[in-house]
Amino acid sequence: HLWKKTLPNGQPTRLTNAAAFEFEASYSSSGKNIVDIEWDDEGGSSLMLADSRGQKPKTITSSTGVIRQPALSPDGKTLVFVIDEPNKYMGGYRSKSGLYVVSSSGGTPRLIGARAIAPMYSADGKRIYFSREEGGNTTLSSVNLDGYEPRDHALATGADRYELRLSPDGRWLTFKEHQQYYLMPYVETGNVFDVS
């Protein structure tokens with residue numbers, strides 16, 4: 001479940017009163033909303049949106065598949081999320097895996113690409129950034145809001161250098177290498193740069 005704590009010495013309390021399991025929460029860039037995934041073994045997953053206090057929760061969309069890694073657009077009007085590949089442990093065999101966007105008011109999600117890792121909107125809300133792992137390398141890429149105009153931005157070479165994450169303002173890039181996290185400045189140059 002999701003919990004909150006006032007720093008430095010507050011007592012942890014539940015953020016919501018949901019009965020389902022809750023995972024992978026993230027705040028909007030304004031800090032006014034929180035989005036998370038609820039999971040039920042019989043029904044599957046639901047993409048939830050609430051205010052920052054966990055109040056007024058609403059279901060944006062549901063799937064028999066495993067919804068993962070939701071993120072709100074800077075204007076709060078849309079969400080991006082991933083549906084994982086079906087597997088024998090979690091199920092999801094009737095759902096199509098991939099990268100999706102949906103209105104924050106609900107509706108039918110649109111598939112805009114193949115499954116990705118840690119999708120997020122650019123600071124101006126015009127592109128969606130994400131990572132993909134292939135052949136022991138991790139690439140930070142982006143597409144426009146319809147899934148077109150793909151661009152590669154950064155490449156982490158080797159199986160021990162991964163978890164590329166861009167900061168919300170697009171100025172910093174983090175990555176993990178040999179169990180250590182690193183932070184480096186990020187500048188759009190139009191070329192793919194090596195992360196090290």
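In this predicted model, four strands come together in an open sheet, lined up in the order E3-E4-E5-E6 with antiparallel pairing. The edges of the sheet are taken by strand E3 (21-27) and strand E6 (58-63), each of which pairs on one side only. On average, and ignoring direction, neighbouring strands here are turned by 20° against each other. Going into the sheet from the E3 edge, the next stop is strand E4 (residues 33-40), which runs antiparallel to E3 and is joined to it by five bridges. As for who faces whom, Tyr 27 stands opposite Ile 34 in E4.

Aromatic rings come next. The model holds four aromatic pairs. One of them brings together Phe 81 and Tyr 100, a stacked pair with 5.5 Å from centre to centre and 10° between the planes. That angle falls under the 30 degrees that sets the limit for stacking, so the pair gets the label "stacked". The two residues sit in distant parts of the chain, 19 residues apart: Phe 81 belongs to strand E8 (residues 78-83), and Tyr 100 to strand E9 (residues 98-103). Are these two partners buried or exposed? Phe 81 has a relative accessibility of just 1%, so it counts as buried. Tyr 100 is buried as well, because its relative accessible area is 9%. Another of the pairs is made by Tyr 186 and Phe 193, this time tilted, with 5.6 Å between the centres and 45° between the planes. Here the angle is neither under 30 nor over 60 degrees, which means that the pair is classed as tilted. Tyr 186 shows 6% relative accessibility and therefore counts as buried.

The backbone has a few quirks of its own. Most residues other than glycine have a negative phi, and most peptide bonds are trans. Against that background, the peptide bond joining Leu 7 and Pro 8 stands out as cis, with omega at about 5°. Pro 8 is found in the loop between strand E1 (3-4) and strand E2 (13-14).

Positive phi values turn up in strands too. Gln 69, which is not a glycine, has a phi near 50°, and this residue lies in strand E7 (residues 67-72). Glu 163 is another non-glycine residue with a positive phi, near 55°, and its place is in strand E15 (residues 161-166). How buried or exposed is Glu 163? With 23% relative accessibility, Glu 163 is over the 20% limit for buried residues but does not reach 50%, so it counts as partly exposed.

Conventions. Residues numbered from 1 in each chain as written. Predicted model: local features only at pLDDT ≥ 70, side-chain atom pairs only at ≥ 80, totals over all residues. Heavy atoms only, no water. Phe/Tyr/Trp six-rings, centres within 6.5 Å; stacked < 30°, edge-to-face > 60°. Buried < 20%, exposed > 50% of the residue type's maximum accessible area, 1.4 Å probe, protein only. Pairing = 2+ DSSP bridges. Axes fitted to C-alpha atoms, helices over the stretch in contact; angles between N-to-C directions.
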